[in-house]
Amino acid sequence: MSLTMEVIKITIIIVTWLCGSILNSSIVAVYLRDWKNGMSLGECDRTILSMGCNNLLLQGCLSVSEFINIFQLYRLFFKEFTVLGCILFLFLSYLSMWLTVCLSICYCVKLANISHGLFVRLKRGISTASTLFLFGSVVASCLINVPLIWTMDTEFLENTTADNVIYKLDIKFMSFNIVFGCCVPILVTSLCIGLSVMSLLRHVQRMKNNTSPSWNPQLKSHERACRTMSLVLILNLTFSVTIITLAMGLMNHKDVLVNDILYWSVVLTNPSAAAIVLIFGNTKLKTALSKICC
């Protein structure tokens with residue numbers, strides 16, 4: 001790797017790490033301050049706090065991993081340590097997907113008006129259910145990725161243009177891994193977004209029949225929630241498709257430049273982009289960030 005390319009990559013790592021850390025730390029700080037002041041956090045607030053913590057760890061994991069690759073420090077570590085690093089990355093990535101499901105369910109329960117008995121019970125016990133959803137997200141992400149310890153192998157490249165590590169993955173297990181780590185969360189989130197958008201459209205129709213300004217705040221809240229869920233889903237979908245694409249092409253080193261552009265433009269910036277979406281989709285966070293900037 002040329003010196004100029006190393007400097008460019010190191011600069012990108014530092015910038016993305018600073019942006020991701022500052023933005024996600026701000027989310028965590030706002031909610032921890034409220035909790036310290038005795039304010040109870042709602043279901044959505046607890047989920048966004050968890051997403052901020054997860055994105056903070058994911059940004060750090062990505063930055064450390066890239067520093068290790070650039071300076072070729074992976075040869076100083078045991079192979080098991082390299083495998084654990086990959087598992088940690090996948091764990092945090094899948095946890096981000098499942099936390100998006102939790103947020104979508106919380107928003108959907110608050111926005112949608114469905115008379116089905118199961119939905120009504122979920123709406124009444126959403127406070128307890130959200131805690132179980134968060135705990136279940138962590139457990140599900142662990143169960144999906146722990147078997148990688150026995151099914152994944154690594155190979156250190158020598159005298160190649162890639163200068164990194166090849167991860168040899170079991171195709172059958174990775175198919176199962178991707179289905180339950182990416183596909184299922186995306187489907188559930190899409191369903192929640194669909195129900196929420198239907199509720200938003202109903203409110204728009206009611207506003208056409210009722211011009212009272214009391215509807216405006218509620219409509220704006222619905223719109224903000226739907227927009228937040230949709231943007232986070234798009235980010236997760238882009239992130240997962242990029243990771244899958246790169247993983248499938250790890251053995252092919254002809255398109256290293258294309259792989260680098262995809263990785264550095266999508267993967268490294270994902271935690272920062274997710275934080276921006278969460279901040280501007282939440283009035284409390286946006287107000288707090290505005291005060292900090294001012």
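Reader: How are α2 and α5 placed relative to each other, roughly parallel or roughly antiparallel?

Author: Two packed helices are described by the angle between their axes and the distance between the axes. In this predicted model, where local features need pLDDT of at least 70, side-chain atom pairs count only at pLDDT 80 or more, and totals for chains, interfaces and linings use all residues, helix α2 (residues 43–70) and helix α5 (residues 126–145) pack at about 15 degrees with axes 9 Å apart. The two are therefore roughly parallel, a term for angles under 35 degrees (over 145 is roughly antiparallel, 65 to 115 roughly perpendicular, the rest oblique). Axes are lines fitted to C-alpha atoms, for helices over the stretch in contact, and angles run from 0 to 180 degrees between N-to-C directions. Helices (H or I, at least four residues) are DSSP runs, numbered from the N terminus.

Reader: Which residues of α2 and α5 make the contact?

Author: With contact meaning heavy atoms within 4.5 Å, E43, R46, T47 and S50 of α2 meet I126, S127, S130, T131 and L134 of α5. Residues are numbered from 1 along each chain as its sequence is written, and side-chain values use heavy atoms, with hydrogens and water left out.

Reader: What does the UniProt annotation "transmembrane region" cover?

Author: The unreviewed entry gives this annotation to several stretches, including residues 130–150 and 178–201. In the model, residues 130–150 are 90% helix and 0% strand, with end C-alpha atoms 33 Å apart, while residues 178–201 are 100% helix and 0% strand, with their end C-alpha atoms 33 Å apart.

Reader: What follows α1?

Author: Helix α1 is followed by G38, whose phi is positive, near 90 degrees.

Technical notes. UniProt positions are given in the numbering used here, feature names are shortened, and annotations may be inferred rather than shown by experiment.
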